[in-house]
Amino acid sequence: MEELDERKEIILNAIIQNYLETGEPVGSRTISKSYLNLSSATIRNEMADLEELGFIIQPHTSAGRIPTDKGYRFYVDHLMAEKEQEITQMQELMFEKTGKMEKLLKQVVKVLANNTQYASMILAPSVATNKVKFVQISNVDENHVLSVVVMEGNIVKNRVIEVDEPLDNETMLKLNMLLNTNLNGLNVNDINLSLISNMKDQAGAHEEIVEQVLQSVADTLKEDDDLEVYTSGATNFFKYPELSDSEKAKDLINAFEEKKPLAEFIEEAEASSDETGIQVYIGNDSSIKTMKDCSVVTATYELGEGVKGTIGIIGPKRMDYENVLNNLKNLKTQLEQVVKGDRNDNVIDANST
C-alpha cells in the first residue's frame, strides 16, 4: 500500500467519508470545520498535493474534490487492514481467554465442592445484552465476500457469502456504512422487520448480502444458547442420609450431570436474581423436580460489557446456609477480580473462603 503522511491521510479519509455521506464534492472549508483545526489555505495545499498524486480530482473549476479509484483503493486497503488486525487480535485474545476461563471455572467448582462438602456448578459467562459492536464485509475473491459480525462481549461470527459478481470498492464501502449505521449498538431484539426491509431497500441489488449478515447475527445468538456448565462434587450427595437412598441419589446425580436442564435452571436463576445476585431455592422452588429434597443457592457474577454467569451449590435442605453464602460471595468477588485483572496470581484462593 502506498504511504501518505499523517495529515494527508486524515484529509483523504475526511474527503472520502464526507463524499460517501453526501454525494457532493468536498471543499477545504468543510474539512477545516468538521475534521481538522487547520486553515482552509493549508488544507487546499494538501488537497492539491493529493490531486497531483492521483488520490482525488476536482470535477470542475471552483468545485470541491471527490475520490478517484486510487483514493478509494487507499482508503479500503487501510480500513480493511486496520479492521482485520483488530479482529485477529480480538480472536486471539478471546481464544486465550477461553482456555484460561475454562481452567478457572473448573477450579472454582472444585473449591466450592471441597469447602462446602456439597455439589457445585457454574455456568460459563455469556453475553446478556447481545448488542452489535460493528460489522465488516470484505472481498475474498470475485465470487465471495467475507462478513464479520462482532457482538458485545467480543463474540465474533464469520460467514462467507456467495455473490454473483465482484463488488467494487465504492459499493463495498457503502454496504459497510449501511450495515454499521443501522446495526451498531442495537440489541438483537431491536432488529425488526421494518429495519430489515428498509436496509434491503437501501442495499438494492445487494439485499442478499444484507440478509446474510443479519443471519450471522442470529447465528451468533443461537451458538450462545449452547451454554457450558461445569460441575463438581456429585458424590457429596451420598454424605447425607436424606439424599443417599440409592434411587434418590441416582436421580440426583443424573439431574446434576444432565447439563441442558441444569443450564436452563441456572439461566432462570440468573434472570431472576436481585441486585445482590444471590438466590436461594428450597425444595419445590427449584424447577428440577428430582431436586425437591434439596436446597440450591446461586450467585451471579459479572465480567463487564454485559457478560455474566452463575455459580450454584446443591445440598440438603439442612445445609449450612451461612457457610454456603459466604463461600459464594467470596468466590464471586474473586472470580470478578481475576477476570478483570485486579489480581496478579490469576488463582482462586481456596483458603480465603
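Start your tour by selecting M151, which sits in strand β5, a stretch covering residues 144-151. Keep in mind as you click around that this is a predicted model.

Is M151 buried or exposed? M151 counts as buried because its relative accessibility is 1%, and the cut-off for buried is under 20%. Now add V217 to your selection. M151 and V217 are 66 residues apart along the chain, yet their C-alpha atoms are separated by 8.1 Å.

**Step back to the whole protein**

Clear the selection and switch to a cartoon view. How many helices and strands does the protein have? The secondary structure comes to 10 helices and 10 strands. The protein has 353 residues, and buried residues make up 45% of them. The pairing of M151 with V217 has shown you two residues that are far from each other in sequence numbering, 66 residues apart. For the protein as a whole, take the contacts between residues at least 6 apart in sequence: 61% of these join residues at least 24 apart. If you turn on a surface, you are looking at about 18100 Å² that the protein exposes, with carbon and sulfur atoms supplying 45% of it.

**Next stop: a pocket**

Rolling a probe the size of a water molecule over the atoms shows where empty space is left. Let's visit the second largest pocket, which has a volume of about 230 Å³. To find it, select its lining: L20, T171, K174, L175, M177, L178, T181, Q202, A203 and H206. Colour them by class and you will have five nonpolar, four polar and one charged residues.

Which helix gives the most to this lining? That is α5, with six residues. Show α5 (169-183) together with α6 (193-203), since each of these helices supplies at least two residues of the lining.

**Last stop: K248**

Finally, select K248 in helix α8, which spans residues 246-257. K248 has a relative accessible area of 30%, so it is partly exposed; that class lies between the cut-offs of 20% and 50%.

What is K248 in contact with, leaving aside its neighbours within four places in sequence? The partners to show are E242, L243 and D293. Zoom in on D293: its side chain makes a polar contact with the side chain of K248, at 3.4 Å. For one more distance, draw a line from the C-alpha of K248 to the C-alpha of F238. These two residues are 10 apart in sequence and 9.9 Å apart in space.

Notes. Residues are numbered from 1 along each chain as its sequence is written. This is a predicted model: local features need pLDDT of at least 70, side-chain atom pairs count only at pLDDT 80 or more; totals for chains, interfaces and linings use all residues. Side-chain values use heavy atoms; hydrogens and water are left out. On a 1 Å grid over the protein atoms alone, a cavity is a set of points where a 1.4 Å probe fits but cannot get out, and a pocket is an open set with protein on both sides within 12 Å along at least five of seven lines; lining residues have an atom within 4 Å of a point. Grid points are joined across faces, edges and corners, and a volume is the space filled by probe spheres set on the points. Helices (H or I, at least four residues) and strands (E, at least two) are DSSP runs, numbered from the N terminus. Ala, Val, Leu, Ile, Met, Phe, Trp, Tyr, Cys and Pro count as nonpolar, Asp, Glu, Lys and Arg as charged, and the others, Gly among them, as polar. Buried means under 20% relative accessible area, exposed over 50%, partly exposed in between (1.4 Å probe, protein chains only). Contact means heavy atoms within 4.5 Å. A polar contact is a pair of N or O atoms within 3.5 Å; within protein, one must be able to donate a hydrogen and the other to accept it, and residues adjacent in sequence count only if both atoms are side-chain atoms. Accessible areas come from the Shrake-Rupley method with a 1.4 Å probe; for residues, only the protein chains shown count as cover.
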